[in-house]
Amino acid sequence: MRIPLGRKIVTYFLLSTAALLVFMPTLMAVVMSFMTNQDIMTGSFPSAFSLDNYRRAFEQFSLMHYVINSLFVSIIIMIGQLVLSSLAAYAFVFLEFKGRDFLFYLFIATMMVPFEASIIPNFHTIRDLGWIDQYTGLTVPFFAMAFGTFLLRQNFKQIPKELREASQIAGMGEVKFYLTVVLPVAKTSLITLGVYGFLTSWNMYLWPLLATTNDSVRTVQIGLRQLQSQEQMNDWGMIMSGAVIVIIPTLILLFLGQKKLQRGLTEGALK
Amino acid sequence: MTEAAATLSQEDYILFEQTKRKHRYKQFIKGMLFLLPSIVLFSVFLFYPLLRTIYLSFFLTDASGAPTVFIGWDNFVTLFQSSIFQQSIKSTFLFVLYTVPLTIVVSLFLAIIANEKLRGIGFFRTIFSSGMGISVAAASVFWLYLFHPTIGFLNIILDTFRLEKISWLTDPSWALIAISVTTIWMNIGFTFLILLGGLQSMDKYLYESADVDGAGYFYKLRRITIPMLSPTLFFVVTVTIINAFQTFGQVDILTQGGPQNATNFIVYSIYREAFTNYQFGSASAQAIILFIIILIMTIIQFKLGERKVHYQ
């Protein structure tokens with residue numbers, strides 16, 4: 001059906017206005033990151049375009065160090081979540097054993113415990129293990145993931161039972177079937193879950209704040225917090241350049257995987 | 001002869017039972033091996049901390065977090081009598097009230113206009129969902145500038161219209177609103193994406209038959225779109241409420257719980273009590289209260305969420 005011209009114009013008008021409003025804060029930050037502080041303070045339009053803020057953020061503030069920490073932490077969490085979720089989902093779909101249903105409900109129950117409500121003992125555990133300021137402290141607590149297990153379980157269920165029977169007749173073991181059949185078939189869901197895991201890990205705030213006391217493994221989010229609290233009120237150009245660096249990796253991932261992510265999240269959420 | 005056959009079959013039977021048991025045992029071990037990593041981590045970082053938090057909430061602790069004196073319900077009693085905690089609960093609920101309905105309404109509006117099949121619609125969808133890729137730290141820094149008393153964009157606009165400037169983050173009556181606006185802006189991306197997914201998975205034939213009947217745009221919106229979207233809407237509402245109760249980063253960067261505790265939401269209050277005041281007992285009691293609130297929300301979501309299956 002063709003959309004009438006009048007409605008088309010109204011829709012485009014609404015879309016553009018909304019897009020401008022929604023994107024305004026981000027856009028302003030990007031523009032400011034290229035402005036001189038003098039222009040920012042006087043509230044004038046940018047008189048010059050410069051990369052000076054970025055240069056200073058990288059040189060004076062070791063921004064690169066934080067970015068590398070964050071990349072490392074996010075990739076480790078992503079891999080850990082993919083491995084643990086897919087193993088658990090495999091057991092829930094393909095293996096039959098006593099207590100499986102009980103364990104499944106136990107996994108559901110974990111979704112009712114907000115991480116914020118258990119940070120105190122978790123902080124003490126990490127401290128007693130000597131994991132403060134260690135990559136282990138930042139990553140290991142997030143490997144087990146009920147949402148990821150459900151998402152993959154949903155996907156594994158669609159693999160025909162005949163495939164599994166055939167593989168058993170051919171004498172294929174569980175591990176081989178998991179590695180050579182199940183994982184390749186579920187590739188799309190694994191990528192969706194991976195992107196989701198990376199996004200959430202990269203953006204994590206409260207836990208990295210507690211689990212780091214110095215710059216050695218500190219993530220870029222907490223680095224940005226340091227930057228804005230140290231430099232507050234005077235060096236907005238540099239603060240904004242830091243913030244722009246923080247959002248670039250996740251925005252790129254989001255732009256590339258938006259459709260898949262949307263489908264994956266909706267499936268996980270509503271099935 | 002018959003006797004021999006009977007014993008043989010009995011032996012067979014025992015053997016059969018043994019093999020079956022062995023097989024079952026093997027299956028159990030196999031299942032556990034696949035689940036073990038998750039179970040271990042859930043136990044260490046989820047179930048144990050939950051029990052430990054309940055335990056700690058009945059104690060006074062030393063600065064390292066070790067329980068010292070058992071005081072029963074005293075932590076809870078003191079909390080509910082404390083005006084700071086009452087203020088914290090009030091602010092948290094007000095914050096939920098300010099953010100949840102507006103987030104849903106704005107996201108739903110965006111999802112509906114972005115669901116049209118127009119040229120270049122992908123661009124708008126990407127813009128609307130961009131909030132999902134912006135971390136709480138970055139978003140808070142953006143708004144820290146927008147709310148800045150002298151060079152901030154919002155006050156510049158007010159100034160050009162000759163209106164009085166607002167101390168967004170230092171005026172107790174504005175700070176909660178400022179944090180709410182930031183939060184709504186941050187959450188729109190995710191909510192929009194889920195709602196758009198819900199809209200796209202809807203049956204087209206309902207609309208076609210409505211078109212045949214000559215139904216108008218808003219009639220279809222009210223009578224078809226919203227009712228059909230209700231399970232998705234319901235999911236989004238509960239997730240947004242749960243997220244709102246867990247708010248931390250915005251507060252930490254923009255107001256640090258101030259001014260006059262106006263934005264001292266429950267998670268920030270837990271953080272402050274535990275990691276600034278080292279009152280782990282009292283902080284644990286607050287964590288339990290947060291846990292109960294979220295538990296109730298999750299149960300409501302599961303209970304009512306089950307029902308949606310029947311009318312789909």
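Buried area is the accessible area (1.4 Å probe) that two parts lose on being put together, summed over both. By this definition, chain B and chain A of the predicted model bury about 8100 Å² between them. Carbon and sulfur atoms account for 78% of that area. The contact draws 91 residues from chain B and 89 residues from chain A.

Polar interactions were also counted across this interface. Chain B and chain A are joined by 3 salt bridges and by 13 residue pairs in polar contact, with both residues at pLDDT 80 or more. On the chain B side, helix H1 (residues 2-56) makes the greatest contribution to the surface that touches chain A, supplying 22 residues. By class, the chain B side comprises 62 nonpolar, 20 polar and 9 charged residues. A salt bridge across the interface pairs Arg7(A) with Glu116(B), with an N to O distance of 2.9 Å.

Over all chains, the structure holds 11 salt bridges. One of the salt bridges in the model links Glu59(A) to Arg55(A), whose closest N and O atoms are 3.1 Å apart. Glu59(A) and Arg55(A) are separated by about one helical turn, because they stand 4 residues apart in helix H3 (residues 52-61) of chain A. Side chains of opposite charge can pair when their charged atoms come close.

Chain B was examined next by domain. The domain assignment divides chain B into domain 1 (2-56) and domain 2 (83-307). The centres of the two domains, taken over C-alpha atoms, are separated by 45 Å. In the contact between them, 4 residues of domain 1 of chain B meet 5 residues of domain 2 of chain B. The area buried between domain 1 and domain 2 of chain B is about 370 Å², and carbon and sulfur atoms give 83% of it. Within domain 1 of chain B, the residues that lose the most area to domain 2 are Leu50(B), Thr53(B) and Leu56(B), which together make up 88% of what that side buries. The side of domain 1 of chain B that touches domain 2 has 3 nonpolar residues, 1 polar residue and no charged residues. Across this domain interface of chain B, the count is 0 for salt bridges and 0 for residue pairs in polar contact with both at pLDDT 80 or more.

Annotations from UniProt were then compared with the model. For chain B, an unreviewed UniProt entry lists residues 89-301 as "domain: ABC transmembrane type-1". Over residues 89-301 of chain B the chain is 74% helix and 0% strand, and the end C-alpha atoms are 22 Å apart. The unreviewed entry also annotates "transmembrane region" in chain B at residues 28-51, 93-114, 126-146, 174-196, 226-245 and 283-302. Among these, residues 226-245 of chain B are 100% helix and 0% strand, with 26 Å between the end C-alpha atoms. For residues 126-146 of chain B, the helix content is 71%, the strand content is 0% and the end C-alpha atoms are 23 Å apart.

In chain A, the UniProt annotation "transmembrane region" (unreviewed entry) covers residues 12-35, 71-95, 102-123, 135-156, 177-199 and 236-256. Residues 12-35 of chain A are 92% helix and 0% strand, and their end C-alpha atoms lie 31 Å apart. Residues 135-156 of chain A are 73% helix and 0% strand, with end C-alpha atoms 31 Å apart.

Definitions and conventions
Residues numbered from 1 in each chain as written. Chains lettered and ligands numbered in written order. Predicted model: local features only at pLDDT ≥ 70, side-chain atom pairs only at ≥ 80, totals over all residues. Heavy atoms only, no water. Contact = heavy atoms within 4.5 Å. Salt bridge = Lys/Arg side-chain N within 4 Å of Asp/Glu carboxyl O. Polar contact = N/O pair within 3.5 Å; in protein donor to acceptor, adjacent residues only side chain to side chain. Helix = DSSP H or I, 4+ residues; strand = E, 2+ residues; numbered from the N terminus. Nonpolar A, V, L, I, M, F, W, Y, C, P; charged D, E, K, R; others polar. UniProt positions renumbered as here; feature names shortened; annotations may be inferred. Domains from an automatic or database assignment.
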